[in-house]
Amino acid sequence: MRSGGEILVDGLIGHGARHIFCVPGESYLPALDACYDRQDSIRLITCRHEGGAAYMAEAYGKISGTPGICFVSRGPGASNAMIGIHTAFQDSTPLLLLVGQVPREETGREAFQELDYRQIYPGVAKTVVRINHPERIPELLGQAWRHAVSGRPGPVVVELPEDVLGLEAAVNDLAPLAIENPAPKPEAIGKLDGILKTAEQPVLLVGGAGWTPDATRSLTEFAEKHRLPVVTAFRRSDCFDNTHPNYAGELGLGPNPRLIEKVRMSDLLIAVGPRIGDMTTSGYSVLVPPERPNCNPLQKLVHVHVDAHEIGRVYAADLGIVSGPDAFFRSALALDAAERVQPEWRDELHGIYLDWLTLDRNVGEAVRMDRIMAHLREVLPEDAVITVGAGSFSIWGQRNYRFRRPGTFLGSTNGSMGYGVPSAISAKLLRPEATVVSFSGDGCFLMNGQELATAVQYDLGVVFLIVNNNRYGTIRVHQERHYPDRVSGTDLRNPDFVALARAYGAHGQRVTETGEFADAFERALGTGGPSVIELMIDY
């Protein structure tokens, strides 16, 4: 006989979960108690806000490819976690949000902190699974796990009435079922062969979920074989080695105008993995939806996605292939090299990327982010993990660093602020030997900066960079463009971030000149624990 909490935690361990991110709540105390006896098998990470806990679980799922696990209490806890669920949904990240609920006999009475999760979560979660009997926990937990990882990955909410977790039952654990991801049909690869043979200026766009080292190796071999320039989708720059001669840059926030023009004029776009959303297409202008006049009617589109519902959802593809990246490239490697694609096309786009990378666009003389990024490119190992929140500052971390391995870049494609700190904590837990550097703006940091206490509690040696311009910079840019000389609501009066870091028990430094950064960064790494470097930026 085991309690429902024990059955649940044993089931998570059996499916391969090794970390749980939580803010403790009375609605799931039996599950917390079960974790006490299973500390050698699963680690419970106590966070300071449910939004931070959900972000950590999302980042964990993004790196590992298996569902990140987040426990929150009912009502307010579930509401606070919503931002992480939306992030996981738009980023196609597997995640399980385990939410406590009022006892079954109180359901529907608007009991203390009661919420109807089947009403509030549809649209941001793949499904909501309610468990009403402890005997069914193995079955329904397995169902939730399969939902999270199958097809287009995403978040699943598991509703756990408080009394169910406390009841005992004699039930067997169920072994996790292997998930078979779709592979391309031979006739689809044959059609791709015909399209490739007629192309002279093709572009390969990669992004989305499901990128493993094997998938990246197959992608690299495919791109080299056909002399294809490779472009990464918004916040998926780590899908392909940025130092490779086939790399042409990222389509996303603040894209290279010359790259946009080259993608528009290409006669074939092969998109593998991304949904091809508005950030990747600069507001649906790089690639034009069917209802608008096409900027290049000769361009063909091949869209490869793991979910059939995403193909044709916005763009009418000439060829749609339902497949994950790994299976697609393994099948496509059998094709003969594209006959008409010349290496000059690839080299031209790679040269455009190198020019864009080295441009000095930051005119401030005090702290030059372009030079700081050049230093980080020089000193960080290729397995270093970069995390970014949301804001203009994030461009430096995502565009001006050169990623070399999959799983080394964490950023939310839904543009939610506060992501940089908790995602870095998750990355360090999952990869303790890797150097982890987090980018946050001053506004972004204070969205989840309290999770610095979590980093200190678990002694996680993350370097947190705070790019401080004393305002909500992105909104200020839009404000000044549309309402010049009418500043309203975008100025910030910030705390002393160095003193704040020290108050939490972290190392703190302030950089006011570019030349100070190298030594400050070396000192931060040398502390071995969490460290904050505040970068004073001229807006």
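**Exercise 1. The largest cavity**

Task: Strand 11 gives the most to the lining of the largest cavity. Find how many residues strand 11 supplies, then describe the cavity itself.

Solution. This is a predicted model.
- Step 1. Count the share of strand 11: four residues of the lining.
- Step 2. Look for other contributors. Helix 13 (343-358) and helix 15 (394-399) each supply at least two residues, as does strand 11 (247-250).
- Step 3. Take the whole lining. It has 14 residues. Nearest the centre lie Tyr247, Gly249, Glu250, Tyr353 and Arg399.
- Step 4. Give the volume. The largest cavity holds about 110 Å³ of space.
- Step 5. Place it among the others. The structure has three cavities of 30 Å³ or more.

**Exercise 2. The surroundings of strand 9**

Task: Decide why strand 9 (residues 202-206) counts as largely enclosed. Then find which strands pair with strand 9.

Solution.
- Step 1. Apply the cut-off: buried means under 20% relative accessible area.
- Step 2. Check each face. Pro202, Leu204 and Val206 are buried on one side. Val203 and Leu205 are buried on the other.
- Step 3. Conclude. Five of the five residues are buried, so strand 9 is largely enclosed by the rest of the structure.
- Step 4. Turn to strand 12 (residues 268-272). Five bridges join it to strand 9, and the two run parallel. Val203 has Leu269 as its bridge partner there.
- Step 5. Turn to strand 10 (residues 230-232). Three bridges pair it with strand 9, again in the parallel sense. Here Leu204 stands opposite Val230.
- Step 6. Add the connection. Strand 9, helix 10 (residues 213-226) and strand 10 form a β-α-β unit, and the unit is right-handed.

**Exercise 3. A six-strand sheet and its helices**

Task: Trace the open sheet of six strands. Name its edge strands, then state which strands helix 14 and helix 16 touch.

Solution.
- Step 1. Write the order: 16-15-17-18-20-19, with parallel pairing.
- Step 2. Read off the edges. Strand 16 (409-410) and strand 19 (507-511) each pair on one side only.
- Step 3. Examine one pair. Strand 15 (residues 385-388) and strand 17 (residues 436-441) run parallel and share four bridges. Val385 stands opposite Val436 in strand 17.
- Step 4. Place helix 14 (residues 369-379). This helix packs on the sheet and touches strand 17, strand 18 (462-468) and strand 20 (531-536). Its direction makes about 165 degrees with that of strand 17.
- Step 5. Place helix 16 (residues 420-430). This helix also packs on the sheet, touching strand 15, strand 16, strand 17 and strand 18. The angle between its direction and that of strand 17 is about 170 degrees.

Note on methods:
Residues numbered from 1 in each chain as written. Predicted model: local features only at pLDDT ≥ 70, side-chain atom pairs only at ≥ 80, totals over all residues. Heavy atoms only, no water. Buried < 20%, exposed > 50% of the residue type's maximum accessible area, 1.4 Å probe, protein only. Pairing = 2+ DSSP bridges. Right-handed = clockwise from strand over helix to strand, strands pointing away. Contact = heavy atoms within 4.5 Å. Axes fitted to C-alpha atoms, helices over the stretch in contact; angles between N-to-C directions. 1 Å grid on protein atoms, 1.4 Å probe; cavity = no way out; pocket = protein on both sides within 12 Å on 5 of 7 lines; lining within 4 Å. Points joined across faces, edges and corners; volume = space filled by probe spheres on them.
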